[in-house]
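Q: Hey, got a minute to walk me through this one? I'd like the sheets, the helices and any odd backbone spots.

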Amino acid sequence: MDVPQQQRVRRSSRQRDAVQASLAGTDAFVSAQDLYASMREQGNPIGLATVYRALQGMVEDAEVDVLRTDDGEAVYRRCSPSHHHHLVCRRCGRTVEVEGPDVEAWASSVAAAHGFSDPDHVVEVFGTCAECHAAQDAEAARRS
């Protein structure tokens, strides 16, 4: 008998716990390779394939969000369990979770107008955070 994905319970493991702890230390989305490198630098002997497996399991269990960068690379971030969207800094990767009731209403309205039901969506807003914007202004002033 096949158990539906949302009813499966994954056992905690030392490796998965280590990946969760490493992700908890950042507000930015991070690639599996960067997470792996950081963990290795901190003395964790984890393998890259193990990092990928742990991240995939955490995505399936809705413990982390994943998005694709402009070059198609998957990046991961530990997020709150409620439905939300992200503001992501293009420069430093800093990420802020935001709720979007207007987006929810718009998605439902557009779906209904075209005869669709049960709409789902992903909205990510990319920009430059205040700190990076100030640094850009300072760099531009120095060059002038």
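A: Sure, we can take the sheets, then the helices, loops and cysteines. Keep in mind that this is a predicted model.

Q: Okay, what's the strand order in the sheet with E1, E2 and E3, and how do they pair?
A: It's an open sheet of three strands in the order E1-E3-E2, with antiparallel pairing. E1 is residues 30-31, E2 is 64-68 and E3 is 74-78.

Q: Which strands stand at the edges there?
A: E1 and E2 do. Each has a single partner strand, so one side of each is left without a neighbour in the sheet.

Q: How many bridges join E1 and E3?
A: Two, in the antiparallel sense. If you want a spot to look at, Val30 stands opposite Tyr76 in E3.

Q: And how many for E2 and E3?
A: Five bridges, again antiparallel. Val64 has Arg78 in E3 as its bridge partner.

Q: What's in the turn between E2 and E3?
A: The two strands form a hairpin with five residues between them, and Gly72 in that turn has a positive phi of about 90°.

Q: What does helix H1 touch on that sheet?
A: H1, residues 14-24, packs on the sheet and touches E1, E2 and E3. The direction of H1 makes about 85° with that of E3.

Q: Where does H3 lie?
A: H3 lies across E2 and E3, and runs at about 105° to E2. H3 covers residues 48-60, and the loop from there to E2 holds Ala62.

Q: What's the phi of Ala62?
A: Near 60°, which is a positive value in a residue other than glycine. Ala62 has 55% relative accessibility, so it counts as exposed.

Q: Switching sheets. What's the order with E4, E5 and E6?
A: That one is E5-E4-E6, an open sheet of three strands with mixed pairing. E5 and E6 stand at the edges with a single partner strand each, so one side of each has no neighbour in the sheet. The twist averages 20° from one strand to the next.

Q: How do E4 and E5 run, and how many bridges join them?
A: They run antiparallel, with four bridges joining E4 to E5, residues 95-98. Leu87 stands opposite Val96 in E5, and His86 is opposite Glu97.

Q: Which residue takes a positive phi in the E4 and E5 hairpin?
A: Gly93, with phi near 85°. That hairpin has five residues between the strands.

Q: I care about protonation states, so let's talk about His85. Is His85 buried or exposed?
A: Buried: the relative accessible area of His85 is 3%. You'll find His85 in E4, which spans residues 85-89.

Q: What does the His85 side chain make a polar contact with?
A: The side chain of Glu104, at 2.8 Å.

Q: Which other residues are in contact with His85?
A: Leaving aside neighbours within four places in sequence, the list includes Val96, Glu97, Val98, Glu99, Gly100 and Val103. His121 and Val123 are in contact with His85 too.

Q: How does the length of H4 check out?
A: H4 has 13 residues, 101-113, and at 1.5 Å a residue those should span 18 Å. The end C-alpha atoms are 18 Å apart, which agrees.

Q: What's the phi of Gly115, after H4?
A: It's positive, near 80°.

Q: Where is Asp118, and is it buried or exposed?
A: Asp118 is in the loop between H4 and E6, where E6 is residues 124-127. With a relative accessible area of 72%, Asp118 is exposed. Its phi is near 50°, a positive value in a residue other than glycine.

Q: Last topic. How many disulfides does the structure hold?
A: Zero. Cys92 is in none, and the nearest cysteine sulfur, that of Cys132, is 3.7 Å away. For Cys129 the nearest cysteine sulfur is also that of Cys132, at 3.6 Å, and Cys129 is in no disulfide.

Q: Why don't those distances count?
A: Because a disulfide here needs the two cysteine sulfur atoms within 2.5 Å.

Q: Are Cys92 and Cys129 buried or exposed?
A: Cys92 counts as partly exposed, at 42% relative accessibility. Cys129 counts as buried, at 11%.

Technical notes. Residues are numbered from 1 along each chain as its sequence is written. This is a predicted model: local features need pLDDT of at least 70, side-chain atom pairs count only at pLDDT 80 or more; totals for chains, interfaces and linings use all residues. Side-chain values use heavy atoms; hydrogens and water are left out. The expected span of a helix is 1.5 Å times one less than its number of residues. Buried means under 20% relative accessible area, exposed over 50%, partly exposed in between (1.4 Å probe, protein chains only). Two strands pair if DSSP finds at least two bridges between them. Contact means heavy atoms within 4.5 Å. Axes are lines fitted to C-alpha atoms, for helices over the stretch in contact, and angles run from 0 to 180 degrees between N-to-C directions. A polar contact is a pair of N or O atoms within 3.5 Å; within protein, one must be able to donate a hydrogen and the other to accept it, and residues adjacent in sequence count only if both atoms are side-chain atoms.
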